[in-house]
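Please find below a short note on the structure, arranged as numbered points. The note begins with the chain as a whole and then turns to a single strand and its neighbours.

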Amino acid sequence: MSLALHILNFLYPPRCAVCETNFGLDARRRVCDRCLSRMEALPTPVCERCGGPLESIRTKEVRCAHCLKSPPVFARARAVARYRPSDEDERQSLPSLIRRHKYGLDQALGRAITEFLGPRLPFTADDCDLVIPVPLHRGRLWWRGFNQAALLAAEVARRLERPLELGTLVRSRATGSQTSRSRDERRRNVRGAFAVRRPHRVANRRILLVDDVMTTGATADECARVLLAAGASRVEVFTLARVL
Ligand SMILES: [Zn+2]
Ligand SMILES: [Zn+2]
């Protein structure tokens, strides 16, 4: 540990970003073990395509009803945590952190959120050539003014040792809030909302698309659609949390 970090930690004693428990002076982390462990896992088994819950484990079916009815354009989506949209999960550490993060430009909270990745990243370097964040969702409540997805994508790219591609997938129009919309309405709402600048950057590349939270997957699917139309060979989706 460097002397500079020691002095910094002495002047500003490091605390857990969620519960504010004090860390020791040699801490490098921003979230304590207890808060990390309070992240709710997704129910298993999951749909092999979208990563959502399977209705029944008795039917031998490996895809959920949504994917059987209208399969997504992306090849596979995975998340590491469950996110309940209401306040009922206030005791869950990750959602409360994501909600707090939306109110400010506190980079430290962004860093704390990436610690929730833990060792769980369900993709390897063999899965992708490029990492691309979903462009800013301006209507979404918890990240107004700050692109959470880009921060997370940077950490994923660093871990996988794959390039982070920013500014290639862009939002071509605002879509407003998705929160009160049905699955079909969400799909229609994001239709045509994204565009690929510099298509040669994604041509024949396997893309790992990164977002903080997935709800119905409509946004990820629309991003995947324009990436594939621009020549990408495959699109997979990683989100930290998934609304269920
Ligand atoms: Zn804590
Ligand atoms: Zn599915």
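What percentage of the 244 residues of the chain count as buried?

1. In this predicted model, 35% of the 244 residues count as buried. That figure describes the whole chain, and the points on the individual strands may be read against it.

2. The chain contains eight helices and six strands. Their order along the sequence is α-α-α-β-α-α-β-α-β-α-β-β-α-β, a pattern that opens with three helices and ends with a strand.

3. Among contacts in the chain with a separation of 6 or more, 71% are made by residues 24 or more positions apart.

4. Strand β6 spans residues 234-243 and is mostly covered. Of its 10 residues, eight are buried.

5. Strand β6 pairs with strand β1 (residues 76-83) in the parallel sense, over seven bridges. Within this part of the model, Arg82 has Arg242 of β6 as its bridge partner.

6. Strand β6 also pairs with strand β5 (residues 206-214), again in the parallel sense, and here the pairing runs over eight bridges. Opposite Ala241 in β6 stands Val213.

7. The connection from β5 to β6 deserves separate mention. Helix α8, residues 218-229, joins with β5 and β6 in a β-α-β unit, and this unit is right-handed.

8. In summary, β6 has parallel pairings with β1 and with β5, and eight of its 10 residues are buried. When side chains along a strand are inspected, it may help to recall that in a regular strand they alternate between the two faces of the sheet.

Definitions and conventions. Residues numbered from 1 in each chain as written. Chains lettered and ligands numbered in written order. Predicted model: local features only at pLDDT ≥ 70, side-chain atom pairs only at ≥ 80, totals over all residues. Buried ≥ 20, exposed ≤ 12 C-beta atoms within 10 Å, placed from the backbone. Helix = DSSP H or I, 4+ residues; strand = E, 2+ residues; numbered from the N terminus. Pairing = 2+ DSSP bridges. Right-handed = clockwise from strand over helix to strand, strands pointing away. Contact = placed C-beta atoms within 7 Å.
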